[in-house]
Amino acid sequence: MPTVRQEIRFEGIGTHWRIDLFEAVSPTFTQEILNEIQARIETFDRAYSRFREDSLVTKMSRAEGRYQLPSDAEPMFRLYQELYHLTEGLMTPLIGNLLVEAGYDARYSLEPKELHTPPFWEQAIVFEPPQTLVVKEPVVIDLGAMGKGYLIDLVSDLLWQRGLRSYCIDAGGDMLYRNPSPEGLPIGLEHPEHLEQAIGITTICNQSLCGSAGNRRVWGEFHHIMNPKTRSSPRELLAVWTVAKTTLLADAMSTALFFTSPEKLQTHYPFEYLLLFPNHTVQASPRFPVELFVPEES
Amino acid sequence: MSQPQNTPSPEGSSKNTALIGGVIVVAIAVIAGFAYGQKKPNEAPVVPTQDTVGMVPLTPPSGATNTGSMTPPVVMERSSSTTGAAMTPPPKPATDTPPKPTGSTGSTTKNSFKDGTYTANGVYKIHAGEEEIRVTVTLKNDVVTATSFEITPKFPMSKRFIDMFSENYKPLVIGKKISELNLGRVSGSSLTPVGFNNALEKIKTQAGV
């Protein structure tokens with residue numbers, strides 16, 4: 001396990017960030033880079049958050065029109081487009097409408113109203129690369145399926161540009177780890193039903209790890225992932241973990257796995273996965289780097 | 001395809017042999033099923049899991065039905081040479097825990113099988129030659145509580161089928177206290193936003209919970 005030389009912690013996009021630097025830096029540098037990171041996160045949030053009055057996404061939810069997206073939009077919107085088609089519409093950025101109706105709105109009212117299947121992609125939006133979104137009818141866009149992962153990559157780019165080479169960015173349990181030397185980083189896989197326990201240890205090196213489960217943001221019969229066709233939250237999986245070269249991809253896959261099979265996704269994207277089922281059995285891709293805790297005879 | 005006897009014989013040793021044999025056959029049959037049979041992408045193979053109570057199922061999964069003239073040849077061998085004498089678990093199990101038989105040795109009062117961890121090697125033939133699979137099974141009170149397997153394929157073609165097998169292989173997991181593990185980090189679902197938690201608390205208060 002690499003030694004942490006500098007710890008940076010703060011709140012951002014509604015979750016707890018912990019950035020560990022494994023190389024020595026001065027306090028001045030630490031403060032400068034913290035400012036830059038927070039500014040970058042703020043820019044991202046101001047564009048893409050459906051929870052802010054002042055965001056671009058909130059504007060798009062109120063009025064049709066041609067909108068210019070930030071210059072970082074393309075990788076995210078392209079991946080959403082591909083996965084929309086691959087999951088036959090089950091993974092959609094237009095899920096915001098349904099989340100809001102279920103109660104997960106900007107005010108966290110958590111009061112479900114009447115539920116409606118969100119519009120088809122083509123019905124509501126047209127993405128014109130590199131950064132134009134035509135909104136044909138007002139719709140609540142939610143980029144939560146991969147937004148945090150993408151933001152982690154963007155923060156990593158920032159650290160890299162400032163000359164850092166050895167660090168781990170952890171935003172609420174999704175993480176990216178860089179190290180020029182082949183030193184693995186062990187990470188516990190949190191048991192979704194017993195948060196003080198882990199079901200295994202994953203060790204990554206120059207990879208990203210994302211986890212998804214329906215245990216935290218829960219209200220009534222819903223959790224934070226919703227199926228637009230059934231208008232309910234999927235229960236077939238207890239938790240999912242993914243490992244990929246980018247956090248954008250790992251995050252996107254961790255949501256996609258609630259809607260389609262790992263085999264189908266692996267024909268299009270390079271990533272590894274671990275599925276945890278409600279009966280506590282797991283299914284992992286052969287190259288998912290994990291030491292699982294299995295029952296011993298006693 | 002020949003199947004081993006599944007009626008337990010009076011001696012514990014050949015029962016244990018039959019059990020391990022049974023597990024090997026199932027494992028090999030599943031791999032052979034992928035290799036030779038009709039592959040149905042969403043079909044989960046039957047492998048020993050914690051759901052198996054009592055005897056490990058010895059019938060091959062339906063995916064192993066064969067088309068044409070290709071019968072999956074199943075050849076079973078044991079890593080330790082057995083001459084029909086008492087079979088003790090091989091000295092090097094795949095897991096690090098050595099088997100601990102309960103009760104006095106040779107007792108067959110409650111369990112059909114002695115609690116413990118058993119490992120055996122099996123061999124299966126493919127066109128190009130033979131592949132070896134090593135299966136470990138842990139038994140407690142006649143229930144398979146844990147299984148694992150190892151294969152290092154000799155032939156490139158095997159790898160794809162072994163990958164399919166391992167992807168569908170579903171071990172049971174348990175939790176260990178994070179505070180007792182030497183870990184700097186944990187990954188799980190995203191922490192709930194503060195506003196969300198507050199809202200939940202408000203609802204609980206209103207509901208008088």
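## Exercises on helix packing and contacts

In this predicted model, α3(A) and α7(A) are roughly parallel to each other, because their angle of about 30° is under the 35 degrees that counts as roughly parallel. Let us work from there.

### Exercise 1: two helices side by side

Task: Describe how α3(A) and α7(A) pack, and say which residues make the contact.

Solution.

- Step 1. Find the helices: α3 spans residues 73-86 of chain A, and α7 spans residues 247-256 of chain A.
- Step 2. Look at the axes, which lie 11 Å apart. The crossing of α3(A) past α7(A) is right-handed.
- Step 3. Pick out the residues. From α3(A) come Pro75(A), Leu79(A) and Leu83(A), while α7(A) brings Leu248(A), Leu249(A), Ala252(A), Met253(A) and Ala256(A).
- Step 4. Sort them by class: eight are nonpolar, with no polar and no charged residues in this contact.

### Exercise 2: another partner for α7(A)

Task: Decide whether α6(A) and α7(A) are roughly parallel or roughly antiparallel.

Solution.

- Step 1. Read the geometry: the helices pack at an angle of about 170°, and their axes are 7 Å apart.
- Step 2. Apply the cut-off. Angles over 145 degrees count as roughly antiparallel, so α6(A) and α7(A) are roughly antiparallel to each other.
- Step 3. Find the contact: Gly147(A), Lys148(A), Gly149(A), Tyr150(A), Ile152(A) and Asp153(A) of α6(A) meet Thr247(A), Leu248(A) and Asp251(A) of α7(A).
- Step 4. Sort the residues, which come out as three nonpolar, three polar and three charged.

### Exercise 3: α6(A) meets α1(A)

Task: Describe the packing of α1(A) and α6(A), then find a salt bridge within α1 of chain A.

Solution.

- Step 1. Helix α1 covers residues 27-48 and helix α6 covers residues 147-161, both in chain A. Their angle is about 145°, and their axes are 10 Å apart.
- Step 2. The handedness of this crossing is right-handed.
- Step 3. On the α1(A) side, the contact includes Ile33(A), Ile37(A) and Phe44(A). On the α6(A) side, Leu151(A), Leu154(A) and Leu158(A) are among the residues. By class, the whole contact has ten nonpolar, one polar and two charged residues.
- Step 4. Now stay on α1 of chain A, where Arg46(A) and Glu42(A) form a salt bridge at 3.5 Å, N to O. These two residues are four apart, about one turn of the helix.

### Exercise 4: between the chains

Task: Describe what chain A and chain B share, and name the residues of the salt bridge between them.

Solution.

- Step 1. Count the participants: 64 residues of chain A and 45 residues of chain B take part in the contact.
- Step 2. Together the chains bury about 4600 Å², with 56% of this on carbon and sulfur atoms.
- Step 3. The whole structure holds 18 salt bridges over all chains, and one salt bridge is counted between chain A and chain B.
- Step 4. Name a pair: Arg185(B) bridges to Asp20(A), with the closest N and O atoms 2.6 Å apart.

### Exercise 5: details in the loops

Task: Visit three loops of chain A and note a feature in each.

Solution.

- Step 1. Ile13(A) sits in the loop between β1 (6-12) and β2 (15-21). Its phi is near 40°, a positive value in a residue other than glycine.
- Step 2. Lys113(A) lies in the loop between α4 (96-102) and α5 (121-124). Beyond neighbours within four places in sequence, Lys113(A) contacts Val100(A), Glu101(A) and Asp105(A).
- Step 3. Pro130(A) is in the loop between β4 (125-128) and β5 (132-135). A cis peptide bond, with omega about 5°, links Pro129(A) and Pro130(A).

Technical notes. Residues are numbered from 1 along each chain as its sequence is written. Chains are lettered from A and ligands numbered from 1 in the order in which they are written. This is a predicted model: local features need pLDDT of at least 70, side-chain atom pairs count only at pLDDT 80 or more; totals for chains, interfaces and linings use all residues. Side-chain values use heavy atoms; hydrogens and water are left out. Axes are lines fitted to C-alpha atoms, for helices over the stretch in contact, and angles run from 0 to 180 degrees between N-to-C directions. Angles under 35 degrees count as roughly parallel, over 145 as roughly antiparallel, 65 to 115 as roughly perpendicular and the rest as oblique. A crossing is left-handed if the near helix is turned anticlockwise from the far one by less than a right angle, and right-handed if clockwise. Contact means heavy atoms within 4.5 Å. Ala, Val, Leu, Ile, Met, Phe, Trp, Tyr, Cys and Pro count as nonpolar, Asp, Glu, Lys and Arg as charged, and the others, Gly among them, as polar. Buried area is the accessible area (1.4 Å probe) that two parts lose on being put together, summed over both. A salt bridge is a side-chain nitrogen of Lys or Arg within 4 Å of a carboxyl oxygen of Asp or Glu.
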